[in-house]
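Hi,

Here is the structure I said I would pass on. Have a look at it first, and then read my notes underneath.

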Amino acid sequence: MTIKISPSILSADFTRLGEELKAVESAGADYVHIDVMDGRFVPNITIGPFVVEAVRKATALPLDVHLMIEEPERYITDFARAGADIITVHVEATRHLNKVIQSIREAGKRPGVSINPATPLIAIAEIVADVDLVLIMSVNPGFSGQSFIQSILDKIKAARRMIEVVAHPIELEVDGGIKTANIAAIAKAGADVFVSGSGIFAQEGGQGGYKKTIAAMRQATEA
């Protein structure tokens, strides 16, 4: 299983975002995770396509765009044009999930589906075969710096079993409260893509510490 680290720029220093992106890229990150929040689906407002477009110009890493927004179908084209490589939508945020996933694929992007902590895994059973990534939220979405919900480990295990029967490869991503101290248990449960915001960007030593943190996370998953 190939492990991938996806730093969430929600916790980056936006006054020098270009530098932060170059720092995590040189530190060994695999993706850049971009949390898009609308103030409706989650109680926070973050960024839109224009910032994604700016990020696209600042890094060669694949952009892992997580739409925590109501009716994401309204903005798939905008984020695809802005440079997203993966576009993940929430099962709870749209009435026509199959149509949204299809539109992401038609835009030439990799579709993903995400599920909140309290939503049962069965909610994505009918869409799993149509996506390239399943994102399990291990905190209630909306803010960075929250603690990992331990009971989500069982959901990760169940999600791994669910995707293993699908004919094509599907990445299992986990987002929320991931640190060097708990990433091994999350990997053991079956995750292979790890989103970490404050776990990377809030480390002492600033940008110089990103490489050590990402290396420690990767080493922990291999132990």
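Below is what turned up, starting with the sheet and ending with the pocket.

One thing to keep in mind: this is a predicted model.

The sheet is a good place to start. Eight strands make it up, it is open, and the pairing is parallel. Going across, the strand order is 1-8-7-6-5-4-3-2. Strand 1 (4-7) and strand 2 (32-37) sit at the edges, and each has a single partner strand, so one side of each has no neighbour in the sheet. From one strand to the next, the twist averages 25°.

If you want a closer look at one edge, try strand 2. Its pairing with strand 3 (residues 63-68) is parallel and runs over six bridges. Within that pair, I34 is opposite V65 of strand 3.

Helices come next. Helix 2 (residues 49-58) packs on the sheet and touches both strand 2 and strand 3. The direction of helix 2 is at about 165° to that of strand 3. Helix 5 (residues 152-164) packs on the sheet too, where it touches strand 5 (110-115), strand 6 (133-137) and strand 7 (171-175). For helix 5, the angle of about 165° is with the direction of strand 6.

Last, the pocket. How much space lies in the largest pocket? About 150 Å³. Its lining is made up of V36, M37, D38, R40, I45, I47, G48, P49, I69, R74, Y75 and F79. Sorted by class, that lining has eight nonpolar residues, three charged and one polar.

Cheers

Notes
Residues are numbered from 1 along each chain as its sequence is written. This is a predicted model: local features need pLDDT of at least 70, side-chain atom pairs count only at pLDDT 80 or more; totals for chains, interfaces and linings use all residues. Side-chain values use heavy atoms; hydrogens and water are left out. On a 1 Å grid over the protein atoms alone, a cavity is a set of points where a 1.4 Å probe fits but cannot get out, and a pocket is an open set with protein on both sides within 12 Å along at least five of seven lines; lining residues have an atom within 4 Å of a point. Grid points are joined across faces, edges and corners, and a volume is the space filled by probe spheres set on the points. Ala, Val, Leu, Ile, Met, Phe, Trp, Tyr, Cys and Pro count as nonpolar, Asp, Glu, Lys and Arg as charged, and the others, Gly among them, as polar. Two strands pair if DSSP finds at least two bridges between them. Helices (H or I, at least four residues) and strands (E, at least two) are DSSP runs, numbered from the N terminus. Axes are lines fitted to C-alpha atoms, for helices over the stretch in contact, and angles run from 0 to 180 degrees between N-to-C directions. Contact means heavy atoms within 4.5 Å.
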